[in-house]
Amino acid sequence: MAESKLTKLGSSLPVPIVQELPREPLTKPSISFKAALHQVPVIDMQKLISGDTMDLGLDKFHQACKEWGFFQLINHGANKSLVEKMKTQLEGLFNLPMEEKKKLYMAGTRKYGGIRAGNVVSEDQKLDWAELFFLNMHPIHMRKPHLFSALPPCFGEAVEDYSAELRNLATRIFEQMATSLRLDFNEIKENYEQGWQSMRMKYYPPCPQPELVIGLNPHSDAGGLTILLQVNEMEGLQITKDGESIPVKTLPDAFVVNIGDSLEHRATVNSAKERLSIAAFYSPGLDGTIGPAPRLVTRENPARFKTMTSADYYKGYFACELRGKSYLEVIKIQQNEELKNK
Ligand SMILES: O=C(O)CCC(=O)C(=O)O
């Protein structure tokens, strides 16, 4: 199933490598910065699991999911030494000589995997000031064998362990979501049994005029869950909520969790130091479905979004440039359709 369906998803036009761009002064201003009034919620997983009522853990978690779709997760229980190993290996990978990286770049060009520069679908698209390394991790048949065999062995081992650890963490987060929505966890679990896990690792080189470029264009992720690690604790992630641009602080040992296609975000760069991040995406498998949980849909609370196969959802999602607009807007049920469905 998935291999042939997937190779059609997310194909990208070839683009230059950011570190090889001529070092000419940049001219066009593109971003404005505003001081943020709000902070992304911080959820303590330990307190959540232990049902600590002083912290009102579950209510706080429910509000964070509902109102933000974005939160920082601390005390998450993921194995610290695996996380540290992944960080070290990733720094090593992006610090490889350009010739070595180009081999991985070639393994990824026009295919879904490998080092490249974002999902580029049009010649006019603004490019990201970043190198991106994309890997499909799970299910195993979705991997690109030629890409895995080109990986430095220690990196391969680290990414394997890290991705398994994050699949476990994702399951624990889904369990809490089911509890907070009063759903049977098995309903969510089934859809993720052959879930699609992929990782987008990014290296944002320092830029002499950071205010003139963007690290990663504004976008919202695809369906499911994103668990993001800000690798070297350099700030740069910003989310847009209610028209406000909110920088996400780097907290020690925290993950930034983002519920699927819910909130627009982008990455900025700075002139002092490179920044690295790893986003691990976890979605229903391509034969699974994306849509409102049937048990939450009632006459009083009709479905507001269409239900579709995961494969159709991703086809639509990847056909759009990362230009901020949530793909959820496209699959929203219009009011007159809602009346028909009643
Ligand atoms: O680098 C970051 O902080 C953001 C990464 C991100 O949003 C993504 O990979 O989808």
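Visitor: What span is expected for helix α7, and what does it reach?

Guide: Helix α7 covers residues 153-180, a run of 28 residues. The expected span is 1.5 Å times one less than the number of residues, which gives 40 Å here, and α7 reaches 41 Å from its first C-alpha to its last. Helices are DSSP runs of H or I with at least four residues, strands are runs of E with at least two, and both are numbered from the N terminus.

Visitor: On what terms should the model be read?

Guide: The model is predicted: local features need pLDDT of at least 70, side-chain atom pairs count only at pLDDT 80 or more, and totals for chains, interfaces and linings use all residues. Residue numbers start from 1 along each chain as its sequence is written.

Visitor: Why is α3 called roughly perpendicular to α7?

Guide: The axes of α3 (residues 57-68) and α7 cross at roughly 95° and come within 10 Å. Axes are lines fitted to C-alpha atoms, for helices over the stretch in contact, with angles from 0 to 180 degrees between N-to-C directions. Angles under 35 degrees count as roughly parallel, over 145 as roughly antiparallel, 65 to 115 as roughly perpendicular and the rest as oblique, so α3 is roughly perpendicular to α7.

Visitor: Which residues make the contact?

Guide: Leu58, Phe61, His62 and Cys65 of α3 and Gln176, Met177, Thr179 and Ser180 of α7 make the contact, for which C-beta atoms, placed from the backbone, must lie within 7 Å.

Visitor: What makes Arg182 count as exposed?

Guide: A residue is exposed if 12 or fewer other C-beta atoms (placed from the backbone) lie within 10 Å of its own, buried if 20 or more do, and partly exposed in between. Arg182 has 8 such neighbours, so Arg182 counts as exposed. Arg182 sits in the loop between α7 and α8 (185-191), and its phi is positive, near 55°.

Visitor: Why is Asn75 called partly exposed?

Guide: Asn75 has 14 other C-beta atoms within 10 Å, which puts Asn75 in the partly exposed class. Asn75 is in the loop between β2 (70-74) and α4 (80-94) and has a positive phi of about 50° although it is not a glycine.

Visitor: How do you know that Asp242 is exposed?

Guide: Asp242 has 7 other C-beta atoms within 10 Å, so Asp242 is exposed. Asp242 lies in the loop between β8 (237-241) and β9 (244-247), again with a positive phi of about 50°.

Visitor: Which residues does a cis peptide bond join?

Guide: His138 and Pro139 are joined by a cis peptide bond, with omega about -5°. Most peptide bonds are trans.

How values were computed: Two residues are in contact if their C-beta atoms, placed from the backbone, lie within 7 Å.
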